[in-house]
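Work through the exercises below with the sequence and the model side by side. Try each task before reading its solution.

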Amino acid sequence: MDNFTYFSPTYFDFGRGAQAHVADLIRKYGGSKVLLHYGGGSIKKSGLYDEIVKILSDAGIPFVELGGVKPNPRNGLVYEGIELARKEQVDFVLAVGGGSVIDSSKAIAAGSVYDGDFMDFYRGKASIEKALPVGTILTIAAAGSEGSPVTVITDEETLIKKGARSDLLRPKFSILNPELTCTLPPYQTAAGATDIIMHICERYFSNTEEVEITDRMCEAVLKTVIYETPRVMKDPDNYEARANIMWSGMLAHNNICGVGREQDWASHHMEHELSALYDVTHGAGLAVIAPKWMRYVLEINPHKLVQFATRVWDIPMDENDSKATALKGIEAFEAFLKEIGMPETFADVGAKKEDIELMTDKVLRTKDTEGFYVKLKRDDVIKIYENCV
Ligand code: NZQ
Ligand code: ZN
């Protein structure tokens, strides 16, 4: 196991009706004037918006609001949010929605107290030294931004999608009420589950040895999501299954399962360019890319894929042919993705073969190789994208 530091200070309030505590939590974490940030309308349709507005008003907490965050959030709205936050002198950002809303909120929180262009953080030109506190009310189990130090933003001009990170961006509190996820369309539920699985896989596929504790934690989360997702696909109102998925989503990405080990992240970085270019739902893009990445790296570095097959998918070990065992694991993963309605190919998500070179250029814009489990060179990235066609 490698040396590590770990700091994860988010306060979680989990369960039915937990959003009722939002005013107390804002006060607890020093908020006296709030920017309420949300997405394209799902919270208005579900009634959550009215509920939060009433709670804040009843508690006497002044707020201004900015809706309209799109999936794969853009920098344009962040600039608007920064202007609004400064003009109104807010001291707290409340994100009500999914990963896109939370990431946009984190960007506003850091950008509104920074003198330069907030995109510096995403272009690697500056590091985040301070940020307004952020709280979240999560409405989709997926990105894990409710417990992560990460924000991912797409530059509207270049269509480059990049992350920035700082422990200062970890939410002060996150309210996780599984009931709020019952209104999700099935496609979003499935894409969210795929993203959760991949947050674990990016950590699980590692060359660091002797990491039994985090390996076993990863396997527990993977097995839970694999078991619970088909249950919610059949029965969207199944609270217990939703609850297990929601907590899995947090555990998958606040890095408790990833400490002390080298991590991969090639599938994610290759997907980010797919969703930036074609506005693909992030988890759906991962469903296309990840199995092709697995099949490709199997030829070069099979050992962790064998473990994935036997421990996660319960494939019996073929002592004479460990690679065949690993392949059965990948096939089981592919069958699972198909069962929950995820896409398989570029055609399924509207991506074009002609853009493979462009996406590869973006992935390798600042480095020579991508990923760590296998260090992919330019040709490797191109071949994996080509296998998605
Ligand atoms: O915008 P609204 O109307 O709210 O609709 C959203 C959106 O269309 C809808 N939705 C959310 N909750 C709902 C609901 N619809 C009905 N009922 C509900 N309860 O679902 C759609 C997707 O929402 P979004 O926030 O985009 O989903 P997700 O949480 O998957 O976030 C995806 C974004 O997070 C980034 C992704 O790249 C992508 O941009 N990621 C962020 C990470 C992080 N900050 O740590 C890590 C991830 O790997 C990921 O890259
Ligand atoms: Zn992800």
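Three exercises on this predicted model follow, each with a worked solution.

**Exercise 1. The zinc site**

Find the protein donors of the zinc ion (ligand 2) and give their spacing in sequence.

*Solution.*
- Step 1: list the donor atoms. D195 gives OD, while H199, H268 and H282 each give NE2. These donors lie 2.0 to 2.2 Å from the zinc ion.
- Step 2: write the spacing. The pattern reads D-x3-H-x68-H-x13-H.
- Step 3: place two donors in the fold. D195 sits in helix α6 (residues 186-204) and H282 in helix α10 (residues 282-298), so this pair ties together parts 87 residues apart in sequence.
- Step 4: check burial. D195 and H282 are both buried.

**Exercise 2. The setting of E228**

Is E228 buried or exposed, and which side chains make polar contacts with its side chain?

*Solution.*
- Step 1: locate the residue. E228 belongs to helix α7 (residues 212-234).
- Step 2: apply the cut-off. Buried means under 20% relative accessible area. E228 has 5%, so it is buried.
- Step 3: find the polar partners. The E228 side chain contacts that of R231 at 2.7 Å and that of N244 at 3.1 Å.
- Step 4: set aside neighbours within four places in sequence. E228 is then in contact with E240, A241, N244 and I245.

**Exercise 3. The nonpolar cores**

Which residues touch the most other members of the largest nonpolar core?

*Solution.*
- Step 1: rank the members. Of the 99 residues in this core, F308 and L376 come out on top.
- Step 2: find the main contributor. Helix α10 supplies the largest share, 11 residues.
- Step 3: look for another core. A second, separate one has 22 residues, including A18, L25, I52 and F173.

Key: Residues numbered from 1 in each chain as written. Chains lettered and ligands numbered in written order. Predicted model: local features only at pLDDT ≥ 70, side-chain atom pairs only at ≥ 80, totals over all residues. Heavy atoms only, no water. Donors = N, O, S within 2.8 Å, 3.2 Å for Na, K, Ca; no water. Helix = DSSP H or I, 4+ residues; strand = E, 2+ residues; numbered from the N terminus. Buried < 20%, exposed > 50% of the residue type's maximum accessible area, 1.4 Å probe, protein only. Polar contact = N/O pair within 3.5 Å; in protein donor to acceptor, adjacent residues only side chain to side chain. Contact = heavy atoms within 4.5 Å. Core = buried A, V, L, I, M, F, W, Y, C linked by side-chain atoms within 4.5 Å.
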